[in-house]
Amino acid sequence: MRYIRAEAVETAASAVAEGAVPLAGGTILVPIIARCERQEQTFVDIGRLAELSRIETTNSALLLGSTVTLDTIARMPATPALRALIQAAKAVGNPQVRRAGTIGGNIAAGVPTADVYPALIAFDAQITSLRGSSSETLSIDKFIPQGRMIVSIQVPNSSEAASAFRKFAWRSSAGITMANVAACLHIRAGTIVASRIVVGGVSAQPQRLSRTEKLLTGRSAIEWNQRLLQEAGTTSAQEAICDLPSPPSPEYRRRLINAGVREALSEILQI
């Protein structure tokens, strides 16, 4: 194993482009190192790079550096637009894990049971990354972390948006995720004009539920009732692919998805 402490973002990005793995909070990588895995791997420590820990807000977006901790995000004001992100950050691990874990690590690790990643997909967050000196900004749906170092994450913060997140775990928030749900709706003049529903923890990658999104889009306030919640929950449970080999069963995960979608939508639509 080789360890590099980066003194500049450019140095770190060059190392990552050559195959090094970024190391910041270490909540996922340190246990791997302790088990003597990846012995031939190079790790580049980016935790002390101030540029990667910045937070900026505008009228339309929240910009988070890749090493902003989950604890910092969990303590932000939970506005309707950003609520799913705050709730997802609070759902990760325990206080010690959240104080060390970073938003960039939650994206790059590729762990099926990650919590913040599905929420960012629901927001259609934008990822700015470096490959050597080459900068690129992509929708999180299209971002591939291999060989690229995440610099920042831009989360839309529209006045029309409202969001919510639900997690089901083996034991409270500190347990491994069995299923999670992130929902973000854009509401204009009492009508849902756009929706993004994402489930995680049930397959190798988070999934957008297009049928459920289509069901919700175009619904006016007069249709926001328990019947709509039940229909959305049932549709999402049928639509989701639950193929992780670990317990619980796919049938049980579908029940959790059904409940999570109904609860998230109930919070957003105040039903």
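Which residue just after H10 takes a positive phi? In this predicted model, the residue is glutamine 270, whose phi is about 55°.

**Helix H10**

Helix H10 covers residues 250-269, and because a rise of 1.5 Å a residue gives its 20 residues an expected span of 28 Å, the distance of 28 Å between its end C-alpha atoms agrees with that expectation. Among the buried residues of H10 are Arg253, Leu256, Ile257, Val261, Leu265 and Leu269. The buried residues of this helix pack against other helices, namely H4 (83-90), H8 (210-216) and H9 (226-239), and also against the strands S9 (161-169), S10 (177-188) and S11 (191-200).

**Salt bridges**

The whole structure holds 14 salt bridges, and the table sets out some of them.

| Acidic residue | Basic residue | N to O distance |
|---|---|---|
| Glutamate 160 | Arginine 188 | 2.7 Å |
| Glutamate 263 | Arginine 166 | 3.2 Å |
| Glutamate 223 | Arginine 219 | 3.7 Å |

Glutamate 263 and arginine 166 meet in a salt bridge. Because glutamate 263 lies in helix H10 and arginine 166 in strand S9, this pair ties together parts that are 97 residues apart in sequence. Glutamate 263 counts as partly exposed, because its relative accessibility is 36%. A network of salt bridges links Arg83, Arg166, Glu263 and Glu267.

Glutamate 160 forms its salt bridge with arginine 188, and this pair links distant parts of the chain, 28 residues apart, with glutamate 160 in the loop between strand S8 (149-156) and S9 and arginine 188 in strand S10. Glutamate 160 is partly exposed at 26% relative accessibility, and arginine 188 is partly exposed at 47%.

In the bridge between glutamate 223 and arginine 219, glutamate 223 is partly exposed at 30% relative accessibility, whereas arginine 219, with a relative accessible area of 19%, is buried.

Technical notes
Residues are numbered from 1 along each chain as its sequence is written. This is a predicted model: local features need pLDDT of at least 70, side-chain atom pairs count only at pLDDT 80 or more; totals for chains, interfaces and linings use all residues. Side-chain values use heavy atoms; hydrogens and water are left out. Helices (H or I, at least four residues) and strands (E, at least two) are DSSP runs, numbered from the N terminus. The expected span of a helix is 1.5 Å times one less than its number of residues. Buried means under 20% relative accessible area, exposed over 50%, partly exposed in between (1.4 Å probe, protein chains only). Contact means heavy atoms within 4.5 Å. A salt bridge is a side-chain nitrogen of Lys or Arg within 4 Å of a carboxyl oxygen of Asp or Glu.
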